Amino acid sequence: MLSENLKNLIKKLELKYDAVAIKFCLEKPECEHFSEKKQAFCTYVNYAQKTGRKFYITKDDDECYGKLVTGMIDKPPVTASGQAGYDFGCYATPGACRNLYQKLPVIEPHTVNFVEFASVEICDFAPDLIVFVADLPAADIIMRATSWISGDLWESKSSPVLSCAWMYAYPVISGKVNHITTGFYHGLKRRKVYPEGLRMISVPYQKLPEFEKALGEMDWTLIAFRTDDESQKDLERRMAHWQELAAAYGGTVDLKKE
């Protein structure tokens with residue numbers, strides 16, 4: 001279950017788009033089944049943000065290939081041949097697109113029958129990942145919280161098509177946070193799901209305890225970006241100490257305040 005503490009910390013980010021919790025389920029969740037017109041998998045996070053509803057989908061509710069990367073169906077031969085990516089103009093040849101399918105992260109096939117969505121605020125289950133859609137400065141805070149304790153590097157893995165593979169399957173398989181920029185990816189862009197230039201960030205369950213601790217402990221505005229006198233004096237004191245340390249060991253520190 002998501003803690004109330006984490007929910008409150010995320011609420012403090014004041015996101016324009018609600019953070020959305022997602023769970024991949026073998027058994028049917030105890031919530032309503034999405035019953036409107038079938039959509040592409042990549043639009044359901046946005047649907048949860050717009051409606052504030054908790055719901056689940058099945059493979060029959062997905063008109064694209066989120067159902068493939070969640071392992072609900074096997075790779076269709078024509079699509080996996082790369083023909084679609086080639087015909088869309090995303091790759092020079094079908095073979096180049098087929099290379100993507102040979103490397104595609106897919107959740108263990110046929111272990112997911114239902115995908116549950118809910119905004120973090122109303123989430124009452126233990127999610128497999130939380131998806132954020134954010135602009136600055138919230139995106140900066142979220143990303144820093146994913147590495148503040150662990151020191152993990154920020155990595156972005158993606159592809160022109162099937163961005164859903166990298167946002168929903170890859171994080172839970174690898175245990176790594178992933179992030180992409182809206183406007184680069186064929187399905188999201190074609191369906192106009194979000195404005196261009198936002199960060200989509202997926203934080204898998206393996207990272208959530210660290211993420212919660214970091215949000216609660218770290219400075220959301222770093223000292224170099226704070227303008228109050230106390231912070232500026234503290235920064236000057238810290239930087240003077242660097243020079244003292246460097247001099248003691250025969251070196252210098254070539255870092256300036258501005």
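Q: Of the area that the protein exposes, what percentage do carbon and sulfur atoms supply?
A: This is a predicted model, in which local features need pLDDT of at least 70 and side-chain atom pairs count only at pLDDT 80 or more, whereas totals for chains, interfaces and linings use all residues. Residues are numbered from 1 along each chain as its sequence is written, and side-chain values use heavy atoms, with hydrogens and water left out. With accessible areas taken from the Shrake-Rupley method with a 1.4 Å probe, where for residues only the protein chains shown count as cover, the protein exposes about 13,700 Å², and the part supplied by carbon and sulfur atoms is 53%.

Q: What percentage of the 258 residues of the protein count as buried?
A: The C-alpha trace spans about 65 × 45 × 30 Å along its principal axes. A residue is called buried when its relative accessible area is under 20%, exposed when over 50%, and partly exposed in between, with a 1.4 Å probe and protein chains only. By that criterion the buried part of the 258 residues is 49%.

Q: What is the order of the strands in the open sheet?
A: Helices (H or I, at least four residues) and strands (E, at least two) are DSSP runs numbered from the N terminus, and the protein has eleven helices and seven strands. Two strands pair if DSSP finds at least two bridges between them, and the pairing in this sheet of seven strands is mixed. The order across the open sheet is E2-E3-E4-E1-E5-E7-E6.

Q: Which strands stand at the edges of the sheet?
A: Each edge strand has a single partner strand, so one side of each is left without a neighbour in the sheet. The two that stand in this position are strand E2 (32-33) and E6.

Q: How many of the six residues of strand E7 are buried?
A: Strand E7 (residues 199-204) runs antiparallel to strand E5 (residues 129-134), joined by six bridges, and in one of these pairings Ile-130 has Val-203 as its partner. E7 also pairs in the antiparallel sense with strand E6 (residues 178-181) over four bridges, where Ile-180 is matched with Met-200 and Asn-178 stands opposite Ser-202. Helix H7 (residues 138-147) lies across E5, E6 and E7. E7 is mostly covered, and its count of buried residues is five.

Q: Which peptide bond is cis, with omega near 5°?
A: The proline concerned, Pro-137, lies in the loop between E5 and H7. The cis bond is the one from Leu-136 to Pro-137.

Q: How far apart in space are Cys-25 and Asn-113, C-alpha to C-alpha?
A: Cys-25 is found in strand E1 (residues 20-25) and is buried, with a relative accessible area of 7%. With contact meaning heavy atoms within 4.5 Å, and leaving aside residues up to four places away in sequence, Cys-25 touches Thr-111, Val-112, Asn-113, Phe-114 and Glu-116. Although Cys-25 and Asn-113 are 88 residues apart in sequence, their C-alpha separation in space is 6.0 Å.

Q: Why is helix H2 largely enclosed by the rest of the structure?
A: The buried residues of H2 (residues 44-51) are Tyr-44, Val-45, Asn-46, Tyr-47, Ala-48 and Gln-49. These residues pack against E1, strand E3 (55-57), E4, E5 and helix H8 (163-174). H2 is largely enclosed because the number of its eight residues that are buried is six.

Q: What is the relative accessible area of Glu-14, which is exposed?
A: Glu-14 lies in the loop between helix H1 (4-12) and E1, and its phi is near 55°, a positive value in a residue other than glycine. Its relative accessible area is 71%.

Q: What is the relative accessibility of His-110, which counts as partly exposed?
A: His-110 is found in the loop between helix H6 (94-103) and strand E4 (114-119). Its phi is near 65°, a positive value in a residue other than glycine. Its relative accessibility is 46%.

Technical notes. Axes fitted to C-alpha atoms, helices over the stretch in contact; angles between N-to-C directions.
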